[in-house]
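Work through these exercises with the structure open beside you. Try each task before reading its solution.

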Protein chains: 2
Amino acid sequence: MSLTKADFSRLRSLQEKKHRESLGLFVVEGEKVIAELLSAQFSFTAIYATKDWTGAARPPQSSGKKTPPLLLPIEITPAEMARISHYPTPSTVLAVGQITRPLLSSDTLNHGLTLALDGLQDPGNVGTLLRIADWFAFDRVLLSPDCADLFSQKVINASMGSFARVKTFTTSLADALATATVPILGCDLHGANIHTLTPLRDAVVVLGSEGRGLSPAVQSLVTQRVTIPKFGAAESLNVAIAAAIVCDNLRRTSASL
Amino acid sequence: MSLTKADFSRLRSLQEKKHRESLGLFVVEGEKVIAELLSAQFSFTAIYATKDWTGAARPPQSSGKKTPPLLLPIEITPAEMARISHYPTPSTVLAVGQITRPLLSSDTLNHGLTLALDGLQDPGNVGTLLRIADWFAFDRVLLSPDCADLFSQKVINASMGSFARVKTFTTSLADALATATVPILGCDLHGANIHTLTPLRDAVVVLGSEGRGLSPAVQSLVTQRVTIPKFGAAESLNVAIAAAIVCDNLRRTSASL
């Protein structure tokens, strides 16, 4: 099958956020990231591959779980791939997925563990934080609308497949957190030692950008300020590093619950 | 003062590692990173700045501490800066420093805390690990010779000034660790729970690359395998994230020593 001129232009346009939003679609390229997403049972709407693609489009079957139906890749030529690719050096595979943005129902935040990202604009950090939320089995990640675009290739790459496993909600944090009755933990330099955190089954951990910290509206909703003890001279830790340390301590102190 | 043709070519050549090594010099550019290094009392050999540079070349005076002598910036024109800069958009300041590689004396590793990086090729990770070592006041960082170049701008930028504060040694890890009598901790998926680590005053924490893990020679010298408990489905954590969690647990469990 060969691609039409309209296909080329539509697929190429998805590198820009505004076109992703208007079409409700996003695109990822590369054998590694697509293998990760398929193995996390992500349902693409289309997979374009050259005959050199070695990946299987069928996600691994896990007994008892509903698996998405087999998606046959559309075979295209390397020349066609070069025309739809967003990269100077195209890969053997490019996949298209649907942008979904579930609504956060009230009371959701009061159950389980939530990571809330306030204005984190670095896509590498956002992707790494999805991976951390996945490792520590957080129930969901909230992103304020000014975070890096969840459906950009950089965020998805950095998440190492966790993009497909972690439940995400893009929402005004101030509005969402205002309805929560569980503890809302925020990191700063003058909070309680994170090593002596009280056990928590349900909580929200909010993280601000390294440059600007938490927005004032979110800051005012924090109910527990926590601090990672510092021993040396570095002024701060990277936001994903700080989040991982908080998550590890939260899981450690709450292991007995 | 204006720069000679030889100056231009020498300064521009420093973007390549082989020229840095043959001249024994490295270069950093940018107001933020140079301010960080100056505030960490790093002694540059030269600072080139346009008249728009707002930074002071004199490091903050801390009473009782030996401070490096005042280094006057060499004022150059924006056109000259554009010729020596390694970037398409030059900054207002570029500084040159000397590459120093102190030798690791025997027995050094037996005192205090050491972070040892085995073949970490991503400069962002290496810089972030320097920042973590600095935060947790590790006494030194060892780098195997195949790590990302410590004197590259990417490593120095990612370290957020910690480059100037942390003692670093580039050395064969297998040789260095063979002489150590303190516990050598390595992270893998089947070690002891890091939450129940025994207190340690002196230790080495070794970290391998995410792709390849520890080299066999280093792996065989690990005396304590530790694991960060995983609750969800992510396959692994980024190496800097894992290191930070290990360091935090090490400092927490050893706080009473």
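**Exercise 1. The two chains**

What rotation, and what shift along its axis, superposes chain B on chain A?

Solution. Remember that this is a predicted model.
- Step 1. The rotation is 180 degrees, with 0.0 Å of shift along its axis. The RMSD of the superposition is 0.0 Å.
- Step 2. Name the relation: it is that of a two-fold axis.
- Step 3. Turn to the contact between the chains. 27 residues of chain B are in contact with 27 residues of chain A.
- Step 4. Find the elements involved. H5 and H9 of chain B each supply at least two residues of the side that touches chain A. The largest share comes from H9(B), with seven residues.
- Step 5. Compare the surfaces. 100% of the interface residues of chain B are also interface residues in chain A, so the copies meet through the same surface.

**Exercise 2. The overall build of chain A**

How many helices and strands does chain A have? Then judge how compact the chain is.

Solution.
- Step 1. Chain A has nine helices and ten strands.
- Step 2. Its radius of gyration is 20 Å, and the globule rule gives 18 Å for 257 residues. These values are close, so chain A is as compact as a globular protein of that length.
- Step 3. Check the extent. The C-alpha trace spans about 60 × 40 × 40 Å along its principal axes.
- Step 4. Look inside. Buried residues make up 42% of the 257 residues.
- Step 5. Count contacts with a separation of 6 or more. Residues 24 or more positions apart account for 80% of them.

**Exercise 3. A sheet in chain B**

In what order do the six strands of the open sheet in chain B lie?

Solution.
- Step 1. The order is E7-E6-E5-E9-E8-E10, and the pairing is parallel.
- Step 2. Find the edges. Strand E7 (168-170) and strand E10 (224-227) of chain B each pair on one side only.
- Step 3. Add the twist. Neighbouring strands are turned by 35 degrees against each other on average, direction ignored.
- Step 4. Zoom in on one pair. Strand E6 (residues 140-143) of chain B pairs with E7(B) over three bridges. Here B:Leu142 stands opposite B:Phe169.
- Step 5. Add the helices. Helix H5 (residues 123-135) of chain B packs on the sheet and touches E5 and E6. Its direction makes about 175 degrees with that of E5(B). Helix H9 (residues 239-253) of chain B touches E5, E8, E9 and E10. Its direction makes about 165 degrees with that of E9(B).

**Exercise 4. One helix and its neighbours**

Is helix H5(A) mostly covered or uncovered?

Solution.
- Step 1. Helix H5 (residues 123-135) of chain A has 13 residues. Its span of 18 Å is close to the 18 Å expected at 1.5 Å a residue.
- Step 2. Twelve of the 13 residues are buried, and H5(A) is mostly covered. Among them are A:Val126, A:Leu130 and A:Trp135.
- Step 3. Find the cover. It includes E5, E6, H6 and H9 of chain A, together with H9 of chain B.

**Exercise 5. Two positive phi angles**

Which is buried, and which is partly exposed: A:Ala137 or A:Met160?

Solution.
- Step 1. A:Ala137 has a positive phi of about 55 degrees although it is not a glycine. Its place is in the loop between H5 and E6 of chain A.
- Step 2. A:Ala137 has 17 other C-beta atoms within 10 Å, so it is partly exposed.
- Step 3. A:Met160 is not a glycine either, and its positive phi is about 50 degrees. Its loop lies between H6 and strand E7 of chain A.
- Step 4. A:Met160 has 22 C-beta neighbours inside 10 Å, so it counts as buried. The cut-off for buried is 20 or more.

Conventions:
Residues are numbered from 1 along each chain as its sequence is written. Chains are lettered from A and ligands numbered from 1 in the order in which they are written. This is a predicted model: local features need pLDDT of at least 70, side-chain atom pairs count only at pLDDT 80 or more; totals for chains, interfaces and linings use all residues. Two strands pair if DSSP finds at least two bridges between them. Helices (H or I, at least four residues) and strands (E, at least two) are DSSP runs, numbered from the N terminus. Axes are lines fitted to C-alpha atoms, for helices over the stretch in contact, and angles run from 0 to 180 degrees between N-to-C directions. Two residues are in contact if their C-beta atoms, placed from the backbone, lie within 7 Å. Copies are superposed by least squares on the C-alpha atoms of residues with pLDDT of at least 70 in both. The expected span of a helix is 1.5 Å times one less than its number of residues. The radius of gyration is taken over C-alpha atoms; the globule rule is 2.2 Å times the number of residues to the power 0.38.
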